[in-house]
Amino acid sequence: MKIFSKILWSIISLIAAISIGIVAGVVHPAEKINALWIVTAAVCFYCISYRFYSVFIASRVLVLDAKRITPAYRLNDGVDFHPTNSLVLFGHHFAAIAGAGPLIGPMLAAQFGYLPGFLWVLIGAVLAGAVHDMVILAASVRRDGRSLAQIAKDEVGPVGGIATSFAILFIIIVALAGLGLAVVNALTKSPWGTFTIATTIPIAFLMGFYLYYLRPGKVGEVSVIGVILLLAAVFTGHYIPGSFLEPYFNLSKDSLVISMAIYGFIASVLPVWMLLCPRDYLSTYMKIGTVVLLAVGVLAMAPIVQMPAVTKFIAGGGPIIPGTLFPFMFITIACGAISGFHGLISSGTTPKMIVSETAIRPIGYGAMLIEGFVSIMALIAATILIPGDYFAINTPLTADALAGLGFPVDKIKELSTLVGVNVEGRPGGAVSLAVGMATILSNIPGLKGLMAYWYNFALMFEALFILTTVDTGTRVARFLVQELGGYVYKPLLRQRWMPGIIVTSFLVVMAWGYLIYSGSVSTIWPMFGVSNQLLSAIALGIGTTLIIKSGRLKYAWVTFVPMCFMFTTTLTASWQLIFIFRNKAIQAIKPADAFNFNLDAILVLLMAILALISLGDILYKIWRTCQTYRTRSNE
């Protein structure tokens, strides 16, 4: 059996090496590649990483123990702490972490070519993102489900802990605004998508009560019911446009912001079993199912990647992302490779519901790899479009201007006709992703001629993907505001004090709602990318401290190396972004625009300063801990 296993993994490793070599242009560099090689490379590489690297981290670095009682049992209160079936919890966790980043980020970063984004998602997810999620989840489970900010305060020190708390607060508000903006862009004037998203809420309530009261533990039954109702909602939504219900779901941007804020508030206040967890679990079926369907579409279509491996925009001056490849690609693909937001989920809702430490590996490491694969599929959807058409969708530039840049527009009119909507000049990534997904899905045998259907389905899919992160993020932010507010008003520290829950939830949704209302993709998405990656760097630093303090100094490189890379990348991006926003404020014609750009610059500056304070405290703690071990070893 061992020999068979060795042969199998040797074959998978060989396939991965060949596939990566072809994608990287080592073999026939002048030829365009088939997207099948990208899928093969990702699947094989992620399987190898999960089988070996995650086992190494679980057994050697974290030493996970199935016998240790988790907070879900020890602190069970039926509201936040609640033992949850591992499959359901995996669904909740994946739905919570998989937001706009793995979809929109690769789509926007495709302007640099397909190869940089492919390599970053492939390697970053394995060595940085999945490690980050798994280490923070284990740390929180072993500390009574404490938040990342609380862990920092306890393990790093009061200065770094408080700085980290405020950094996380700034970061999570900006992150929620970035994620929420993507939902607004996807659902504005889209009654089909809005209807389907709205119906997932009562379906989730039904699932929650079914599993909690009617048939406890019957996960299979409630899964079948949920999937059937979800599919019914998707297909029924097709008939909403043109019906008497259309005015109720054909919402403007402002109406969607208000609706989303109300939903985020409700999801933050209600018990997790009632709405949050079942809705996330329900959406996971659709998320993973659609990604698998996309993979089937790629197999059936075998599309050629049209985008070059690298474009001239790696040196800067791109029409979508004005900055250079380094550092802006690494903050644009904000979740597909690594995400600080994941650390908030891994130390927020998930550790309070996990039933065994053995589930930390599949939930922490495995869910991140699936998100990485989602990013790979989004990258394929972007790069199979003709480059000129890709830029025509994602920029307001004319066809002549794009031709002057070396990217002539070819089939944009035909694409608009096929999907039934004019897709020219629709920046932000959501529309081009929907066009790419529809192109792939409509090439599956038996599904041809349904381009318009798949386009609207893809828009709805994006919104569903993202909104499940907004509700969980709002709840996590509420935890943090209660904690910080407790320094001023002690009753806020009581997690079950309803007035505190209501007030802090309201403050959170008001903050990210205002940013969405006043911002745009060009301002919020770079801020989201910088803030998100700064948080991941802080979390990796905290993880390094914990590993060293646990007596496993020789394994600290697992988190220390990616920490150094993330701090270097994001602090460089922060510095450049501050000046970009200041220049836009100076050039702004409207006083309101100037105010918003200056506010954005101040927020980025504050986040960078807080991150630097946290970094200084983390490095000092690491140095002191290493000194202690050195002294003991000399004795």
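**Exercise 1. Decide whether K549 is buried, partly exposed or exposed, then describe its salt bridge.**

Step 1. K549 has a relative accessible area of 34%. Buried means under 20% relative accessible area, exposed means over 50%, and partly exposed lies in between (1.4 Å probe, protein chains only). K549 is therefore partly exposed.

Step 2. Now look at the model itself. It is predicted, so local features need pLDDT of at least 70 and side-chain atom pairs count only at pLDDT 80 or more, while totals for chains, interfaces and linings use all residues. Residues are numbered from 1 along each chain as its sequence is written, and side-chain values use heavy atoms, with hydrogens and water left out.

Step 3. K549 meets E155 in a salt bridge, at 2.9 Å from N to O. A salt bridge here is a side-chain nitrogen of Lys or Arg within 4 Å of a carboxyl oxygen of Asp or Glu. Side chains of opposite charge can pair when their charged atoms come close.

Step 4. Find both partners along the chain. The salt bridge of K549 and E155 has a 2.9 Å N to O distance, and it links distant parts of the chain: K549 sits in helix α23 (residues 521-549) and E155 in helix α7, 394 residues apart. Helices (H or I, at least four residues) and strands (E, at least two) are DSSP runs, numbered from the N terminus.

Step 5. Check the partner too: E155 has 15% relative accessibility and counts as buried.

**Exercise 2. Find which parts of the chain the salt bridge of D144 and R74 ties together.**

Step 1. The closest N and O atoms of D144 and R74 are 2.5 Å apart.

Step 2. D144 lies in the loop between α6 (114-141) and α7 (148-155), and R74 in helix α3 (residues 71-74), so the pair ties together parts that are 70 residues apart in sequence.

Step 3. Both ends are partly exposed: D144 has 34% relative accessibility and R74 has 43%.

Step 4. For another pair, try R146 and D154, whose side chains meet in a salt bridge at 2.9 Å, N to O. R146 is partly exposed at 29%, and D154 is partly exposed at 44%.

Step 5. Count them up: the structure has 7 salt bridges by this rule.

**Exercise 3. Work out why C47 and C564 form no disulfide.**

Step 1. A disulfide is a pair of cysteine sulfur atoms within 2.5 Å.

Step 2. For C47, the closest cysteine sulfur is in C44, 6.7 Å away, which is too far for a bond.

Step 3. For C564, the closest one is in C626, at 12 Å, and that is also too far for a bond.

Step 4. The total for the structure is 0 disulfides. As for accessibility, C47 is partly exposed at 36%, and C564 is partly exposed at 31%.

**Exercise 4. Describe the surroundings of L402 and S505.**

Step 1. L402 lies in helix α18 (residues 399-404), and at 0% relative accessibility it counts as buried.

Step 2. Contact means heavy atoms within 4.5 Å. Leaving aside neighbours within four places in sequence, L402 touches several residues, including G388, F391, L397 and V409.

Step 3. Take F391: L402 and F391 are 11 residues apart in sequence and 7.5 Å apart in space, C-alpha to C-alpha.

Step 4. S505 belongs to helix α22 (residues 498-518) and is buried, with 0% relative accessibility. Beyond its neighbours within four places in sequence, S505 is in contact with F265, S268, V269 and R478.
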